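Subject: Structure for your review

Dear colleague,

Please find below the structure I am handing over to you. My findings follow it.

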Amino acid sequence: MKNIIKKVGVIGAGTMGAGIAGQVANAGIEVILLDLPSENGDVNSLSRKGLDRIKNDDMPGLVSEHAESLISIGNIRDDLDKLADCDWVAEAIVERLNLKHQLYRDLIDCCDPETIITSNTSTIPIALLTEGMPESFCQRFAITHFFNPVRYMRLLELVSGEKTSKEVIDRLHNFSEMKLGKGVILCKDRPGFLANRVGVFAIQCALNIAFEMGLSPWEADAVFGRPLGFPKTGVFGLYDLIGIDLMVDVAQSLVNILPPSDPFHQYSRTNDFVANMITNGQTGNKNSKGFYRDQGNLTEALNFDTGEYVSYSRIKSDLLESSESYGPRKLLEDGGEYGQFAWRVLSEVLCYAASIIPDVTSNPADIDDAMKLGYNWTKGPFEILDDIGHQYFVDRLKDEGRDVPEFLVNNKGDRFYVASKRELKVLQYGGSYEKIMHSAGVLRFSEIRKTLKPQNTNEVASWYQYDGAALVEFHSKANTLDGGSLDILSDALEQAESVGLRGVIVHNDSQHFSCGVSLWSVRECFESEDYHKLDCFLKHFQDTMSMMRNSALPVLSAPVGMSIGGGFEVVLHTDRVIANTNSVMGLVESGVGLVPGGGGCKEVLYRWNNLLEDPRVAAWNAFMNIGLGRLARSPYEAEKMAFVTPSDSFHINRDHLLGSALSALGDVKKTPQRGTLKLTGKSHYEEMKLWLSKNLDKGFLTPHNQTVGIEIARIVTGGDCLEGTLATEQDLFDAERKSFLRLAKSPQTQARIVGMLDEGKTIRN
Ligand code: NAI
């Protein structure tokens with residue numbers, strides 16, 4: 001059996017196949033993507049469409065142009081022979097057993113006898129997929145179940161058949177973790193495997209109970225979202241995202257394969273309202289209307305009584321807010337409609353998750369991981385049970401006369417996760433606690449923090465000492481930054497130096513590293529007209545950024561998800577960035593009518609000046625990147641925007657970031673102090689202003705875009721100064737602060753911030 005996977009074939013260039021091909025190419029591996037031949041015109045039009053989809057999507061499936069160049073396309077009539085030298089062929093065609101069988105027979109003929117073959121099936125048991133196939137095929141066949149979108153969803157469920165060789169599973173496991181960056185869970189061949197089994201149950205349960213209780217889509221989603229640790233799409237938003245017709249099919253396919261006693265059947269039904277929606281073409285985002293529809297700057301949602309779309313306001317509730325920040329126990333205990341909905345849904349979901357132990361797995365951590373990596377839940381079911389209290393949960397079920405799943409009865413009220421001697425253990429079916437084990441290189445901060453006591457902590461950030469380093473974690477909502485975050489960061493910098501640690505690493509294991517400065521803090525200042533407070537905050541921010549730069553110790557950042565606005569300014573001031581390849585970076589302040597005020601303009605300007613001979617081109621690039629709020633959707637794109645430097649490194653598996661950062665501490669060179677910089681001055685400033693006014697006239701910019709653009713132009717050119725005037729780092733910091741404050745005082749910026757906070761909308765004024 002060949003050890004290394006150097007070339008991959010993917011068959012079926014639909015949603016999943018194209019995504020898988022994209023991720024293989026992102027790993028730097030050659031891939032051939034085949035679909036059916038088209039009769040008219042371009043014979044490869046289906047595979048070409050698949051490739052276009054991952055190139056052009058809002059969430060691109062490719063990290064770089066180089067990755068794109070590694071994909072070649074074709075069709076299964078003319079190009080099957082090109083699979084002969086593939087080490088792995090992944091099948092991702094439609095979910096039809098007879099078609100899959102036919103394809104496998106063709107693959108047996110054309111592939112090397114050692115080629116690994118896998119299916120991406122969601123619902124067909126491996127026993128059926130391999131039925132009637134030769135022994136030698138069964139030995140090299142497995143299910144590799146990826147999640148959509150493949151580049152971003154971390155979970156890969158790997159299912160072995162009775163005859164699959166261990167070597168094949170080991171190779172797929174290793175390749176998927178090390179090269180494709182996935183969190184692999186070895187699953188038994190059970191209906192829906194792990195994540196969909198619990199995830200689809202949760203969605204169907206929430207939908208049915210919301211209808212039964214008469215909740216509107218926006219009310220149900222306000223509860224079954226962030227307050228319970230689920231993605232903010234909620235249930236109806238998720239239905240729209242997946243496609244209402246597809247979701248109904250997914251539920252039906254589970255109905256077909258689950259035993260009649262399974263509690264899923266209670267919630268699997270499609271009600272008349274949803275069936276009518278499908279008939280009317282209201283199938284979700286792909287058809288621009290589902291439970292929600294976008295009407296320009298306004299989102300409307302269906303009123304279930306009238307069947308009409310109505311406008312609605314975001315639900316504001318202290319109870320939901322506090323549930324998001326402090327856990328759902330208070331919400332679950334509340335007798336109001338939201339509390340009742342939360343309890344009914346969550347209790348059903350937690351019971352269901354417990355009920356599949358031990359049949360599907362005997363390890364609850366597998367279920368927790370599957371839900372976090374495959375469904376983006378903040379916590380898995382058993383972590384939620386630890387949060388709300390296992391005994392409280394069981395007692396309440398008993399009070400309500402409900403059955404308690406065996407796994408919960410057997411647990412006599414202990415926590416599912418316990419930390420002892422710096423090890424995290426989880427309670428198994430059978431009663432023993434087992435250490436949580438991972439493959440080499442995997443180190444999850446979310447797990448190790450459970451075994452540590454913070455050195456300093458407040459509501460929004462903490463820092464820990466681990467392996468001789470200070471680990472700084474932001475943990476506010478969306479990890480937005482306020483004075484508290486900066487207090488912890490500066491304390492970690494000071495203490496790390498004074499107690500002789502090896503360095504400081506800023507990292508967290510949330511979905512996003514940091515979505516910038518808390519706009520609530522900015523709003524509080526302008527609503528109380530306390531601009532002095534705002535200025536002090538900016539000064540605190542800038543001083544902390546300087547501290548990072550001037551610390552004698554290496555300071556690293558290991559960002560995941562979004563690092564935008566102030567969050568990215570933190571990244572910009574670290575000595576080395578160890579980024580996940582799915583990191584999104586950028587200075588997006590202009591969108592809310594502000595400029596980067598924590599050294600973002602300064603850093604981008606310095607970086608362009610270091611790269612380019614011509615200071616005018618450097619200033620122009622900085623002006624454009626910041627003014628248009630450009631986002632780099634991978635670190636490779638960030639490289640082209642001077643957002644990262646050649647000494648920074650990128651990892652496809654986000655679970656490898658922290659380990660790499662800890663290992664890198666020893667060889668990081670401190671970024672040299674910034675010297676003076678030649679400003680391009682008045683004539684360049686005027687040129688930028690002219691560009692802004694032309695684009696205003698053409699209707700590409702709004703009047704307030706122009707105002708913000710002028711402020712950015714003033715910072716990066718020096719404004720009315722003479723060309724060649726020298727600026728220090730502090731001059732640029734000061735210029736940013738002045739512009740930030742001027743803009744924060746303007747009613748247009750304030751309207752943008754209020755719109756963003758209250759309605760989640762970008763106001764174009
Ligand atoms: P899709 O309908 O988007 O794409 C299927 C593609 O296969 C189409 O382009 C079609 O032309 C092509 N095709 C059909 N028969 C073929 C054949 N004999 N040879 C070559 N190409 C053929 O389907 P999707 O959603 O990508 O699903 C593919 C597989 O992945 C299915 O088994 C599905 O259950 C599974 N899956 C789907 C997920 C999703 O979110 N869509 C998630 C995880 C698994």
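Two rings of Phe, Tyr or Trp are taken as a pair if their centres lie within 6.5 Å, with the six-membered ring standing for Trp; planes under 30 degrees apart are called stacked, those over 60 edge-to-face, and the rest tilted. Please note also that the model is a predicted one.

Aromatic pairs

By that rule, the count of aromatic pairs comes to 32. Ring pairs link Phe211, Phe236, Tyr239, Phe273, Phe291 and Phe304 into a cluster. Within this cluster, both Phe291 and Phe304 are buried. Their ring centres are 6.2 Å apart and their planes stand at 85 degrees, so the pair is edge-to-face. Phe291 belongs to the loop between α12 (272–279) and β9 (292–295), while Phe304 belongs to the loop between β10 (298–302) and β11, so this pair ties together parts that are 13 residues apart in sequence.

Another of the aromatic pairs joins Tyr104 to Phe137; it is tilted, with 5.5 Å from centre to centre and 35 degrees between the planes. Helix α4 (residues 97–110) holds Tyr104 and helix α6 (residues 135–139) holds Phe137, so the contact ties together parts that are 33 residues apart in sequence. Tyr104 has a relative accessible area of 0% and is buried; Phe137, at 1%, likewise counts as buried.

Salt bridges

The count of salt bridges comes to 54. Three of the individual bridges are described here.

Glu300 and Arg293 meet through their side chains, with 2.9 Å from N to O. Glu300 is buried, its relative accessible area being 12%, whereas Arg293 is partly exposed at 26%. The cut-off for burial is under 20% relative accessible area, so Glu300 at 12% falls on the buried side.

Arg402 forms a salt bridge with Glu348, and the closest N and O atoms are 2.9 Å apart. Arg402 is in the loop between α18 (390–399) and α19 (406–410) and Glu348 is in helix α15 (residues 337–355), so the bridge ties together parts that are 54 residues apart in sequence. Of these partners, Arg402 is partly exposed at 24% relative accessibility, and Glu348 is buried at 16%.

Arg449 and Glu473 form a salt bridge through their side chains, at 3.0 Å from N to O. This pair links distant parts of the chain, 24 residues apart: Arg449 sits in the loop between α20 (445–448) and β15 (456–457), and Glu473 in strand β17 (residues 469–474). Arg449 is partly exposed, with a relative accessible area of 29%, while Glu473 is buried at 6%.

There is also a network, in which salt bridges with shared partners join Arg549, Lys602, Glu603, Arg607, Arg674 and Glu729.

Surface patches

Which residues make the nonpolar patch on the surface? Leu241, Ile242 and Leu246 do, and the patch has an area of about 250 Å². Ile242 is placed in helix α10 (residues 236–242) and is partly exposed, with a relative accessible area of 31%. Since a patch residue needs over 30% relative accessible area, Ile242 at 31% meets that condition.

A patch of positive charge on the surface gathers Arg226, Lys232, Arg314 and Lys316. One of these, Arg314, is found in the loop between β11 (309–311) and α13 (318–326). Arg314 is partly exposed, at 44% relative accessible area.

Two strand residues and their distances

Leu424 lies in strand β13 (residues 423–427) and is buried, with a relative accessible area of 8%. From Leu424 to Phe623 the separation is 199 residues in sequence and 48 Å in space, C-alpha to C-alpha.

Gly503 is part of strand β18 (residues 503–507). Gly503 is buried, with 0% relative accessible area. The C-alpha atoms of Gly503 and Thr707 are separated by 41 Å, and the two residues are 204 residues apart along the chain.

Yours sincerely

Terms used. Residues are numbered from 1 along each chain as its sequence is written. This is a predicted model: local features need pLDDT of at least 70, side-chain atom pairs count only at pLDDT 80 or more; totals for chains, interfaces and linings use all residues. Side-chain values use heavy atoms; hydrogens and water are left out. Patches are made of residues with over 30% relative accessible area and no salt bridge: like charges are joined within 9 Å, nonpolar side chains (Val, Leu, Ile, Met, Phe, Trp, Tyr) within 5 Å. Accessible areas come from the Shrake-Rupley method with a 1.4 Å probe; for residues, only the protein chains shown count as cover. A salt bridge is a side-chain nitrogen of Lys or Arg within 4 Å of a carboxyl oxygen of Asp or Glu. Helices (H or I, at least four residues) and strands (E, at least two) are DSSP runs, numbered from the N terminus. Buried means under 20% relative accessible area, exposed over 50%, partly exposed in between (1.4 Å probe, protein chains only). Lys and Arg count as positive and Asp and Glu as negative; His and the chain ends are not counted. The place of a charge is taken as NZ of Lys, CZ of Arg, CG of Asp or CD of Glu.
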